[in-house]
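Colleague: I have a model to learn from. Can you show me how to read its features, one at a time?

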Amino acid sequence: MKFNILTIFPHILDSFFSESILKRAIDKKLIKINTVNIRDFTNDKHKTVDDTPCGGGAGMIMKVEPIYKALQKTKKNRKNRIVLLTPAGKQFNQNIAKKYSKLNQITFICGRYEGIDARVENFIDEKISIGPYILNGGEIAAATIIEAVSRLIPRILGNIKSIEEESFSANQPFELEYPQYTKPEIFKVGNKKYRVPKILLSGNHKKIKEWRIKKAKKHK
Ligand code: ADE
């Protein structure tokens, strides 16, 4: 699966993609990250990607032409979805992640500054937000979506079972998860002892399963 990221900060996510599971997925060619510098699609000396708002007002607006040209470059005859990242978009969730994980290619347009020329909306499939808050730009949103989608692509997680066991995959709107522990059995802070629940050390798998179901909490 290929992810195109249209941005004016093409190196902002480099370290994110060069560690851990995503790095392995890239090395194994299960995913490809294609960062496209929107500035490369300007044709003036100063490589201008923004301009003042028509009608006046504060701040700068990202220009439509460089984004349009960058999109033309990334478009291929593949199942490609073009997503504009903006706090005004539909909120991203696990169901959208599942749908995206079946595509061949997703192209993210990362807005910056105070806004983006509204005519960009003629060239996209949808607007997506990662949450009701305002970031400086869409790059972190792109990284978030890429991580959530990638881990649903078969063979990316080493331990497939952990995906299957994840309560998310049971199609629930909110995850149901039970508390997990690892060694040591007793963790001491001063006089206080924090213990792993005894049942988990009992070896009684039926009882452990019942305990986990009972303890599973909805958390939003
Ligand atoms: N750009 C700025 N804020 C954003 C958000 N919350 N989601 C997606 N893109 C954004």
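Colleague: Let me start with two charged residues. Are Glu-139 and Arg-112 buried or exposed?

Modeller: Learn the scale before the case. Buried means under 20% relative accessible area, exposed means over 50%, and partly exposed lies in between (1.4 Å probe, protein chains only). Here, Glu-139 and Arg-112 are both buried.

Modeller: Some ground rules, too. Residues are numbered from 1 along each chain as its sequence is written, and side-chain values use heavy atoms, with hydrogens and water left out. This is a predicted model, so local features need pLDDT of at least 70 and side-chain atom pairs count only at pLDDT 80 or more, while totals for chains, interfaces and linings use all residues.

Colleague: What joins the side chains of Glu-139 and Arg-112?

Modeller: The general idea first. Side chains of opposite charge can pair when their charged atoms come close. We call it a salt bridge when a side-chain nitrogen of Lys or Arg is within 4 Å of a carboxyl oxygen of Asp or Glu. Glu-139 and Arg-112 form one, at 2.9 Å from N to O. This pair links distant parts of the chain, 27 residues apart: Glu-139 is in helix H5, and Arg-112 is in the loop between strand S6 (105-110) and strand S7 (115-116). Helices (H or I, at least four residues) and strands (E, at least two) are DSSP runs, numbered from the N terminus.

Colleague: How many salt bridges does the structure hold?

Modeller: Seven. Another pairs Arg-119 with Asp-117, at 2.6 Å from N to O. Asp-117 counts as buried because its relative accessibility is 16%. Then there is Glu-65 with Lys-63, at 3.9 Å. Glu-65 has a relative accessible area of 41%, so Glu-65 is partly exposed. Lys-63 is partly exposed as well, at 23%.

Colleague: Back to the helix. How do I check the span of H5?

Modeller: Use a simple rule: the expected span is 1.5 Å times one less than the number of residues. H5 has twelve residues (139-150), so the helix should span 16 Å; its end C-alpha atoms are 16 Å apart, which agrees.

Colleague: How many residues of H5 are buried?

Modeller: Think about the helix turn first. An α-helix has 3.6 residues a turn, so residues three or four places apart point the same way. In this case H5 is mostly covered, with nine of its twelve residues buried. Among them are Ala-141, Ile-145, Ala-148 and Val-149.

Colleague: What lies around Ala-141 in space?

Modeller: Compare separation along the chain with separation in space. Ala-141 is in H5. At 5% relative accessibility, Ala-141 counts as buried. The C-alpha atoms of Ala-141 and Ile-130 are 5.8 Å apart, with their positions eleven residues apart along the chain. Ile-130 sits in the loop between S8 and H5, and at 18% it counts as buried. Cys-110 is 31 residues from Ala-141 in sequence, yet 8.3 Å away, C-alpha to C-alpha.

Colleague: Now the surface. Which residues gather in a patch of positive charge?

Modeller: Patches take residues with over 30% relative accessible area and no salt bridge; like charges are joined within 9 Å, and nonpolar side chains (Val, Leu, Ile, Met, Phe, Trp, Tyr) within 5 Å. Lys and Arg count as positive, Asp and Glu as negative; His and the chain ends are not counted. A charge is placed at NZ of Lys, CZ of Arg, CG of Asp or CD of Glu. Here the positive patch holds Lys-188, Lys-193, Arg-195 and Lys-198. Lys-193 belongs to strand S11 (192-195). It is partly exposed, at 40%.

Colleague: Which residues make the nonpolar surface patch?

Modeller: Areas come from the Shrake-Rupley method with a 1.4 Å probe, and for residues only the protein chains shown count as cover. Tyr-133, Leu-135 and Ile-140 make a nonpolar patch of about 280 Å². Leu-135 lies in the loop between strand S8 (126-129) and H5, and is partly exposed at 36%.

Colleague: Last, the backbone. Which residues does a cis peptide bond join?

Modeller: Look at omega. Lys-183 and Pro-184 are joined by a cis bond, with omega about 10°. Pro-184 is in the loop between strand S9 (176-177) and strand S10 (186-189).

Colleague: What is phi of Arg-155?

Modeller: About 80°, a positive value, although Arg-155 is not a glycine. Arg-155 sits in the loop between H5 and helix H6 (160-165), and is exposed at 60%.
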